[in-house]
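Me: Got a minute to go through this one with me? I'd like to start with the salt bridges and then wander.

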Amino acid sequence: MKQIILKYLKPYFPRMGVGFLIKFIGTIMDLCIPYILAHIIDTVILTKNKGLIFGWGALMIVCSLLAVSFNIIANRMASRVSGDATENIRHDLFSKTMRLSNAQTDFYTKPSLISRMTSDTYNLHQMLGRIQRLGVRAPILLVGGLCVTFTLDYAMACVLLAVLPLLGFITVYVSRRSIPMFGGLQEANDRFVRMVREDIAGIRVIKALSKTDYETEKFRSINREVVERERKNGMVMSIINPSMNILLNLGLVGVILVGAYRVNAGTSEVGKILAFTTYFTIILNAMMSISKMFTILSKAIASGNRIWYVLEGEDDMRVMEIYGEAMGDEGSRGDSAEAEDCEICFDHVTFSYLKKGEANVKDLSFRIKKGETLGIIGEIGSGKSTIINLMMRMYDADQGRILIAGKDVRSYEPSELKQKFGVVFQNDTIFEDTIAENVTLGRKISSKQLQDALFYARASEFVKNRDDKEGEALNIKGANLSGGQKQRVLIARALAARPEILILDDSSSALDYRTDAEMRKGIREHFQDTTLVIVAQRVSSIRNADHILVLEDGVPIGYGTHEELMEGCDVYSEISRSQMGA
């Protein structure tokens with residue numbers, strides 16, 4: 001939390017200093033009004049001089065106008081500073097989130113990142129604004145009010161001063177307990193967001209399987225947990241206000257009793273008691289404001305720590321200087337000269353999503369030359385998509401090395417590496433935008449490149465029949481497209497920049513056989529220099545590939561052409577016969 005304040009508020013310190021000065025002057029004007037009133041009652045009225053009375057009354061009006069004006073100006077400046085600082089925090093957090101590796105995203109979880117970017121930044125915004133508005137005003141009213149009361153009547157001021165240590169103890173005690181509780185509440189909110197996000201995304205499946213009641217009961221459980229945590233936090237924080245009211249009201253009773261005795265004894269005056277009650281109200285409001293600040297500060301500290309944890313997270317995808325043949329044992333070393341002539345080279349690669357768990361890919365090696373096609377097939381969970389993630393350095397291999405264009409993926413700048421690829425992931429995303437924007441995604445893609453990409457992806461067939469062609473806006477996740485239409489738009493996106501390596505991860509599952517065959521034929525004819533990697537469930541989609549990799553539980557059990565695997569790999573031949581017949 002301290003680091004966020006120093007980093008993001010430092011540029012605004014001069015503006016905040018001016019705002020604090022204006023707020024200070026306005027607060028002093030507020031403190032002057034009761035003092036002037038006591039002077040008018042106890043001294044000026046006794047002179048029966050109307051001119052003097054009106055003069056002091058005008059001074060009260062001036063002080064009131066200055067207090068109002070200066071406080072409004074200071075509050076506007078505080079709102080501007082808190083808004084600008086929060087905007088910068090949110091921007092940096094979003095940028096950092098976009099640069100997180102897949103492993104880091106898995107660690108934080110997507111719902112947690114969403115929560116940090118929304119509710120946590122909101123808590124920081126509230127805190128920054130409240131601290132500037134009340135962080136100056138409330139302490140000045142509290143300390144200033146006490147100082148002025150001592151100048152009026154030290155005996156009554158001592159009664160009021162005796163209450164403050166108890167109030168301070170309660171505030172500190174509650175705050176120390178509330179900060180970790182708010183952290184737990186935010187974690188519960190993360191789980192809440194995750195469930196809502198999953199249920200909204202899968203609402204069609206839930207309805208189709210008549211699982212509405214089941215999901216509603218799960219929601220009731222997580223919702224109850226969040227409510228319980230909020231209730232406990234509320235109960236802890238609710239101790240402050242009643243305790244302050246009781247202590248301050250007892251203090252007020254003591255002030256009135258002491259004041260009454262002193263007035264009766266002739267050692268004090270009625271105007272001072274009136275001013276004392278006014279200052280007492282000011283001090284009460286200041287203490288209430290401070291207690292609210294501690295509530296907001298407790299939330300902000302928990303939120304700030306969560307945000308800073310992401311912002312300062314170590315980049316686990318740093319660019320490295322690679323000097324060795326491989327990362328691992330001696331068995332992982334291969335023929336370097338031959339490997340560097342390949343477009344894609346996996347050299348004894350082993351990887352596990354859980355670093356101490358069972359490997360998801362084990363001792364995998366293959367080499368693909370520029371312009372060749374690699375087909376990858378295997379049962380669900382066999383590691384097909386994992387190979388794609390490793391190839392694009394979404395994750396780093398635990399052992400072995402991966403070369404792209406003869407260079408270790410760890411030695412590439414992230415943007416340089418990603419520009420080599422055009423990829424359609426298994427569960428890819430259609431954005432709520434036009435078809436053209438979904439294909440170009442802000443890249444410098446010419447109109448001809450766009451049209452060519454749509455044509456080769458066999459998407460122009462349905463695009464030209466739509467009302468606004470490629471300029472038509474799509475619904476979120478492409479809800480107004482069929483499954484096959486979505487896949488063709490996604491394939492057009494991957495083709496648009498004419499990548500060096502094209503990856504199609506189960507991207508034709510919704511296409512009919514004819515469209516799939518025509519699309520693959522068009523890609524082979526017009527993208528001859530592009531290295532193609534096809535992950536598929538259909539043998540027909542990869543049977544013409546130069547190399548076919550068969551996986552089972554992350555282990556390569558077959559590698560070669562279609563004809564070679566039909567003779568030498570029982571698993572592949574069984575899949576082929578089951579799909580295509582004898």
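What follows is a chat about salt bridges, helices and a few single residues.

Reply: Sure. Keep in mind that this is a predicted model.

Me: Okay, how many salt bridges does the structure hold?

Reply: There are 18 salt bridges in the structure. One of them pairs R15 with D84, where the closest N and O atoms are 3.5 Å apart. That pair links distant parts of the chain, with R15 in helix α2 and D84 in helix α3, 69 residues apart.

Me: Is D84 buried or exposed?

Reply: D84 is buried, since its relative accessible area is 18% and the cut-off for buried is under 20%. R15 has a relative accessible area of 33%, so R15 counts as partly exposed.

Me: Which residues does the network with R15 join?

Reply: Salt bridges with shared partners join R15, R80 and D84 into one network.

Me: And what does R401 pair with?

Reply: R401 meets D347 in a salt bridge, at 3.1 Å from N to O. This pair also links distant parts of the chain: R401 sits in strand β4 (residues 399-404), D347 in strand β1, and they are 54 residues apart.

Me: Where do those two stand on burial, R401 first?

Reply: R401 is buried, with a relative accessible area of 5%. D347 is buried too, at 3%.

Me: What about E518 and R514, how far apart are they in helix α18?

Reply: They are 4 residues apart in helix α18, which means about one helical turn separates them. Their side chains meet in a salt bridge of 3.2 Å, N to O.

Me: Why does that spacing suit a pair on a helix?

Reply: An α-helix has 3.6 residues a turn, so residues three or four places apart point the same way. As for cover, E518 is partly exposed with a relative accessible area of 28%, whereas R514 is exposed at 65%.

Me: Staying in α18, what does Y513 touch?

Reply: Y513 lies in helix α18 and touches R538 and S540, not counting residues up to four places away in sequence. The C-alpha atoms of Y513 and R538 are separated by 9.8 Å, and the two residues are 25 apart along the chain. Y513 is exposed, with a relative accessible area of 54%.

Me: New topic: α17. How many of its residues are buried?

Reply: 11 of the 13 residues of α17 are buried, so the helix is mostly covered. Among them are G484, Q485, R488 and L495.

Me: And what do the buried residues of α17 pack against?

Reply: Quite a list: β6 (421-424), α14 (435-440), α15 (447-456), α16 (460-463), β7 (501-505) and α18 (513-526).

Me: What should the span of α17 be, going by 1.5 Å a residue?

Reply: The 13 residues of α17 (residues 483-495) should span 18 Å, and the end C-alpha atoms are 19 Å apart, which agrees.

Me: Back to the front end. Which residues make the nonpolar surface patch?

Reply: L21, F24 and I25 make a nonpolar surface patch of about 260 Å². I25 lies in helix α2 (residues 13-47), and at 33% relative accessibility I25 is partly exposed.

Me: T86 next. What is T86 in contact with, leaving aside its neighbours within four places in sequence?

Reply: T86 is in contact with T121, H125 and L128 once those neighbours are left aside. T86 lies in helix α3 (residues 50-99) and is buried, with a relative accessible area of 1%.

Me: Where is M117 found?

Reply: M117 is in helix α5 (residues 110-152). Not counting residues up to four places away in sequence, M117 touches R90, L93, F94 and T97. M117 is buried, at a relative accessible area of 17%.

Me: How far is M117 from R99 in space?

Reply: They are 15 Å apart, C-alpha to C-alpha, and 18 residues apart in sequence.

Me: Last one: where is the place of S352?

Reply: S352 sits in the loop between β1 (344-351) and β2 (361-368). At 2% relative accessibility, S352 counts as buried. A polar atom of the S352 side chain lies 3.1 Å from the backbone oxygen of E358.

Methods
Residues are numbered from 1 along each chain as its sequence is written. This is a predicted model: local features need pLDDT of at least 70, side-chain atom pairs count only at pLDDT 80 or more; totals for chains, interfaces and linings use all residues. Side-chain values use heavy atoms; hydrogens and water are left out. Patches are made of residues with over 30% relative accessible area and no salt bridge: like charges are joined within 9 Å, nonpolar side chains (Val, Leu, Ile, Met, Phe, Trp, Tyr) within 5 Å. Accessible areas come from the Shrake-Rupley method with a 1.4 Å probe; for residues, only the protein chains shown count as cover. A salt bridge is a side-chain nitrogen of Lys or Arg within 4 Å of a carboxyl oxygen of Asp or Glu. Helices (H or I, at least four residues) and strands (E, at least two) are DSSP runs, numbered from the N terminus. Buried means under 20% relative accessible area, exposed over 50%, partly exposed in between (1.4 Å probe, protein chains only). The expected span of a helix is 1.5 Å times one less than its number of residues. Contact means heavy atoms within 4.5 Å. A polar contact is a pair of N or O atoms within 3.5 Å; within protein, one must be able to donate a hydrogen and the other to accept it, and residues adjacent in sequence count only if both atoms are side-chain atoms.
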